[in-house]
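Here are some short exercises to work through with the model open beside you. Try each one before reading its solution.

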Amino acid sequence: NGKSVDIAITTHGSDWYWAVCAVMALATFTFIGLAIMKPRSHRIFHYITAAVTMVAAIAYFSMGSNLGWTPIDVEFQRSASIVRGINREIFYVRYIDWFITTPLLLMDLLLTAGMPWPTILFVILVDEVMIVTGLVGALVRSSYKWGYFTFGCVALLYILWHLVWESRRNASLIGADVGRAFLICGSLTTILWICYPIAWGVCEGGNVIAPDSEAVFYGVLDLLAKPVFGALLIWGHRGIDPSRLGL
Ligand code: RET
């Protein structure tokens, strides 16, 4: 796109992004296919989950095409000295994806747990604070970036506390089957979401690993957090009538 960048993905990174894009697209068609086999009143989780993988497919289409990034100045240690005046490719398109998809993933979980809509709204707003602070931190070059990162981590802790405690309890009150579906998907989410700030710390934050490694790190997390999570969630709902969740 005409911008010059020092540290960027290679063709390997790009190929991997295309592979993830293909899986996301395939998952989208699968979830939509499963949706239309159900009566309209039973499609909510299929639709939410298909929307998540659809957005991800387009984000990965962008990154595979080496688009949706901007060069950001970074520093790093080489032997005894600090190297300056170097920039790194930062994919801001990730955060546009996450801004849309993480609220949808939380809706999947909190609707499963039968939470009331004011609670869902607040958890989603905190989630959006987490994503936006992550984006701003990624674009800031000074060490203030770690301040934004800290705000994001506090937001994540609130969300995880909510999943592990409030929502889990609510889900098991609705029934053992709902409790089990929530426990599987909520636990997966808790483990995976903790890994995102770790990836951020070694990529956008600390510039410790190369953009190709970043592609693998975030790519594996996204495959587990979107298509694998979605398949488990839809599977978990197979015997659950949405009317029991107030849907
Ligand atoms: C950032 C940096 C700021 C601190 C924290 C972060 C957490 C991000 C998370 C992202 C989850 C993304 C998912 C995507 C799609 O499936 C923004 C990296 C805490 C938890 C699940």
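**Exercise 1.** How far is an oxygen atom of the ligand from an N or O atom in the side chain of Lys-226?

*Solution.* This is a predicted model: local features need pLDDT of at least 70, side-chain atom pairs count only at pLDDT 80 or more, and totals for chains, interfaces and linings use all residues. Residues are numbered from 1 along each chain as its sequence is written, and side-chain values use heavy atoms, leaving out hydrogens and water. Now find Lys-226: the two atoms are 3.4 Å apart.

**Exercise 2.** Find which residues come nearest to the ligand.

*Solution.* Start with the 16 residues around the ligand (a heavy atom within 4 Å). Trp-98, Met-130, Trp-193, Tyr-196 and Lys-226 come nearest.

**Exercise 3.** Find a salt bridge and say where its partners lie.

*Solution.* A salt bridge is a side-chain nitrogen of Lys or Arg within 4 Å of a carboxyl oxygen of Asp or Glu. The structure holds 7 of them. In one, the closest N and O atoms of Arg-141 and Asp-73 are 3.2 Å apart. Next, place the partners: Arg-141 is in the loop between helix 4 and helix 5, and Asp-73 is in strand 1 (helices are DSSP runs of H or I, at least four residues; strands of E, at least two; both numbered from the N terminus). They are 68 residues apart.
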